[in-house]
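Colleague: I would like to go through a structure and learn how to read its ligand site and its sheets. Please show it first.

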Amino acid sequence: MIKIYNTLTRKKESFESIEKNKVLMYVCGPTVYDYLHIGNARPYVVFDTVRRYLEYLGYEVKYVQNFTDIDDKIINRANNENKNYAEIAEKFIAEALKDEKNLNIKETLHPRATLVLDEMIDLISGLIEKDFAYEIDGTVYFDTSKAKNYGKLANKNIEDLISGNRIVEDKNKKNPSDFVLWKPYKPGEPKWNSPWGFGRPGWHTECCAMVKKYLGDTIDIHAGGEDLIFPHHENEIAQSEAYTGKKFVNYWMHNGFINVNSEKMSKSKNNFFTIREIGKKFSYEALRFFILSVHYRSPINFSDEQLESAKVALERIKTCLENINFLLEKNSLKSNDSESDLCDKCDDYVKLFKENMNDDFNTAGAIGVIFDFVKFININLENKNLEFVLYAKKKLLELCGVLGLEFDLRKNDLDSEIKDLIDQRDLAKKNKDWISADRIRNKLFDMGIVLEDTKNGTRWFYKRK
Ligand code: AMP
Ligand code: ZN
């Protein structure tokens, strides 16, 4: 049974989906006005892993993550560069999709704000009809005094919330915490027609409209970074529950920040590193691993050293898999049923891995189990037991796959040129022709192949950067 820490109740709760074996999941996506930084990568990687684990357990997960393609930051950039806002959004959506692929994020439904305008206008109209919203001079506000328990997600009273957050002062608001659902057109901004004149929707309405359109009135999991708890998610709850009269979300999940010198990594503080910058410097796999090596709710302090150690740690898993592949290629393994308890031991590691993941997706603990498993495999490869080696390989790949780590191991079938050269070198060595053997080794090295002589024969690897 999975336990999830629910921000709404501030407790770990047993997870029960609305519909058996199905999960409806929504994750707030980025505002597309620039390249994504590794802070943005955290919710991507964390919630993709939550999804993968749920799927591993047999759930069918319907996963939606939006792109906010209309926002002040996009408009400002477009105006500065003398471009249309849509050009900016289009460019950075394409770039975000490249980052997603590199981080091995599973494909998903990515609605965009500008494509749910009708749904947003319907929602706002409905809120006005139900007297939860009011219009003044082309601006529509949500009346927070009418919402049931406004502030319940952030768990603070309204005065504290207002003083701790930059709430725009506006003399037309009935209450200081009221928020804008529709803003009137200003020159230099894109505009859409609505019952309240030309203008554009506020950000908080976008996710409500998308959740309703693609997933339904009540969903299982809604997630994002912890900066979204207030006001964004609080305001989503207020609008959706006012509109539908139903509970909006059963489990709210929020990831902690990636910090730099204990400050949140963000564009505005200019203390960010882009996903591609770090991916190229260390590897995208190492970035994914680094994010998962800490529990998703804890803050992470970014440093080059941590990325470097993530890379080294990954090498240990890869080496284990390469050792396995080498033994399999050499056909040096024997079937031996009497050692089936080794396979049972593999299952024990799988069980431990699941126990960690069931405990609020403790990926840090799960990774620890993978390393213990790797150690166990390495020790027992000596036994040369075919069933065990095959089973251990399958299980190790399975667990790594749940974390979205699918290794780019050396190709299974040897390139014929490489194979010929290795054979020629083996022959040269047999003939004690060390000069030729070294020449071939150097030639292979130039081709990106590293050789290792072992008692079982010559092993080779692709040179790692
Ligand atoms: P934004 O485009 O700023 O709305 O961010 C997109 C997603 O990235 C949201 O879920 C944010 O909470 C999350 N996010 C932004 N910066 C960080 C950070 N430094 N650490 C963790 N998550 C972040
Ligand atoms: Zn959202």
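The dialogue below takes the ligand site, then the sheets.

Modeller: One caution before we start: this is a predicted model.

Colleague: Which residues come nearest to ligand 1?

Modeller: A residue counts as near if one of its heavy atoms lies within 4 Å. Of the 17 residues around ligand 1, the nearest are Thr31, Gly225, Asp227, Ile258 and Met265.

Colleague: How do the residues of that shell divide into nonpolar, polar and charged?

Modeller: Seven are nonpolar, eight polar and two charged.

Colleague: Which helix or strand gives the most to the shell?

Modeller: Helix 1 does, with three residues. Helix 1 spans 38-56, and strand 9, at 219-225, also supplies at least two residues of the shell.

Colleague: What polar contacts should I look for at ligand 1?

Modeller: A polar contact is a pair of N or O atoms within 3.5 Å. Polar backbone atoms of the protein take part here. One, in Thr31, is 3.0 Å from an oxygen atom of ligand 1. Another, in Gly225, is 3.0 Å from an oxygen atom of the ligand. A nitrogen atom of ligand 1 is 2.9 Å from a polar backbone atom of Met265.

Colleague: How much of the accessible area of ligand 1 does the protein cover?

Modeller: On its own, ligand 1 has 480 Å² of accessible area, and the protein covers 90% of that.

Colleague: Now the sheets. In what order do the strands of the four-stranded sheet come?

Modeller: The order is 4-3-9-10, in an open sheet with parallel pairing. Strand 4 (60-65) and strand 10 (249-255) each have a single partner strand, so one side of each has no neighbour in the sheet. From one strand to the next the twist averages 20°.

Colleague: How many bridges join strand 9 to strand 10?

Modeller: Six, and the two strands run parallel. To find the register, note that Ile219 stands opposite Val249 in strand 10.

Colleague: Where does helix 1 lie relative to these strands?

Modeller: Helix 1 lies across strand 3 (22-27), strand 4, strand 9 and strand 10. The angle between helix 1 and strand 4 is about 165°.

Colleague: What is the pairing in the sheet of three strands?

Modeller: That sheet is open, with the order 12-11-13, and its pairing is mixed. Strand 12 (263-264) and strand 13 (300-301) stand at the edges with a single partner strand each, so one side of each is left without a neighbour in the sheet. Two bridges pair strand 11 (residues 258-260) with strand 13 in the parallel sense. Asn259 stands opposite Asn301 in strand 13.

How values were computed. Residues numbered from 1 in each chain as written. Chains lettered and ligands numbered in written order. Predicted model: local features only at pLDDT ≥ 70, side-chain atom pairs only at ≥ 80, totals over all residues. Heavy atoms only, no water. Polar contact = N/O pair within 3.5 Å; in protein donor to acceptor, adjacent residues only side chain to side chain. Areas by Shrake-Rupley, 256 points an atom, 1.4 Å probe, with all protein chains shown as cover. Nonpolar A, V, L, I, M, F, W, Y, C, P; charged D, E, K, R; others polar. Pairing = 2+ DSSP bridges. Axes fitted to C-alpha atoms, helices over the stretch in contact; angles between N-to-C directions. Contact = heavy atoms within 4.5 Å.
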